[in-house]
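Please look through the structure shown below with the following walk-through beside it. The paragraphs go from strand pairings to a helix and end with single residues.

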Amino acid sequence: MVVVLQLATTSLESIPTGTKYRKWPMRAHLTLRDRAGLVVASSPAFDGMYSGLYAKGDMRVAFSNNPFAAIGRDRVYFGSGQDFSLFNLSARFDSAREIRWSALQEPVSPAEVSALRAERAAQVGTQLPPERLQRMLDMEFTPELMPPTRPAIGRVLVDADERVWVECFEPARLGTATQQPGRVWHVLASDGRPIARFTLPARTRLEAIRGRAMVMQRDTVDVETVAWYAVVTP
């Protein structure tokens, strides 16, 4: 069997009069498929990411949520990533329950938005005249496209003992092709109890938990190396 995360756009409505931008959300669901690719079962639908819609098209949004799916030994975890909420299904998609940690909800920090604007401005450099650069930044970081709270989850991994490793959300770096990895991770027991929290060094991405932790490290000249670390069970 294969689990597939499927995304679909929602109906495209006109931008309301008097506004410049609006969110264009996607919807997501999981399908369980057999070897022939036929759908055997589907999960409930949940929120996908969203883009920003304006008069001339749409654009990526730095603080859009990231839907996720992770496969354990006998469960499938999924969610929108907007809240610290993980739904899970049995391996045959015939039951569901939720792990929720509402204490991790927080507003989008003006300081974080300012830092991302500065990073984006430095990336563009002198490619645009100052006035055009300012208009671009105002559009990409307009308050109309900010979520009500900062998204909570980036990625989710499940190890062989059914512990759930949850990466805290990291905003998208606009103008780049790759997603910035989150440095802060929470580890949950199979019943949802929090059992550990850790912070990775900068320029480091946790890739997999297979008895040991597989970590991708990138140096100052963007050369990547892979390191394996022992996992100490709490």
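In this predicted model, Glu167 stands opposite Trp185 in strand S12, a pairing that belongs to the antiparallel arrangement in which four bridges join strand S11 (residues 164–168) to S12. On its other pairing, S12 meets strand S13 (residues 194–199), again in the antiparallel sense and over five bridges, with His186 placed opposite Arg197 in S13. S12 and S13 together form a hairpin that has five residues between the two strands, and Gly192 in that turn has a positive phi of about 95°. Strand S12 itself spans residues 184–188, and because four of its five residues are buried, S12 is largely enclosed by the rest of the structure.

A further sheet can be followed from strand to strand. Four strands form this open sheet in the order S6-S7-S8-S9, with antiparallel pairing. Strand S6 (68–71) and strand S9 (96–100) stand at the edges, and since each has a single partner strand, one side of each is left without a neighbour in the sheet. From one strand to the next, the twist averages 20°. The pairing of strand S8 (residues 85–90) with S9 is antiparallel and extends over five bridges, and Ser85 is found opposite Arg100 in S9.

Within this sheet, Val76 is a useful residue to select, as it lies in strand S7 (residues 75–79). Is Val76 buried or exposed? Its relative accessibility is 3%, and therefore Val76 counts as buried, the cut-off being under 20%. Leaving aside residues up to four places away in sequence, Val76 touches Val3, Leu30, Ala70, Phe87, Asn88, Leu89 and Phe93. Of the residues in that list, Asn88 is twelve residues from Val76 in sequence, while the C-alpha atoms of Val76 and Asn88 are 5.3 Å apart in space.

Attention can now pass to helix H1. This helix comprises 15 residues (residues 110–124), which at 1.5 Å a residue should span 21 Å, and the end C-alpha atoms are indeed 21 Å apart, so the expected and modelled spans agree. Which residues of H1 are buried? They are Val113, Leu116, Arg120 and Val124. Because these buried residues cover an arc of only 75° around the axis, they are on the same side of H1. The buried residues of H1 pack against helix H2 (130–140), whereas the face of H1 turned away from its buried side carries the exposed residues Ala111 and Ala122.

The two ends of H1 can be described as well. At the N-terminal end, Ser109 acts as a cap, with a side-chain oxygen that lies 3.2 Å from the backbone nitrogen of Ala111. After H1 comes Gly125, which has a positive phi, near 60°.

The last stop is Ser64, in the loop between strand S5 (57–59) and S6. Although it is a loop residue, Ser64 has a relative accessible area of 6% and is therefore buried. The side chain of Ser64 reaches the backbone nitrogen of Tyr50 at 3.0 Å, and Tyr50 is also among the residues that Ser64 touches, the others being Met49, Pro151 and Phe169, when residues up to four places away in sequence are not counted.

How values were computed:
Residues are numbered from 1 along each chain as its sequence is written. This is a predicted model: local features need pLDDT of at least 70, side-chain atom pairs count only at pLDDT 80 or more; totals for chains, interfaces and linings use all residues. Side-chain values use heavy atoms; hydrogens and water are left out. Buried means under 20% relative accessible area, exposed over 50%, partly exposed in between (1.4 Å probe, protein chains only). Contact means heavy atoms within 4.5 Å. The expected span of a helix is 1.5 Å times one less than its number of residues. The arc is that of the directions from the helix axis to the C-beta atoms. A polar contact is a pair of N or O atoms within 3.5 Å; within protein, one must be able to donate a hydrogen and the other to accept it, and residues adjacent in sequence count only if both atoms are side-chain atoms. Two strands pair if DSSP finds at least two bridges between them. Axes are lines fitted to C-alpha atoms, for helices over the stretch in contact, and angles run from 0 to 180 degrees between N-to-C directions.
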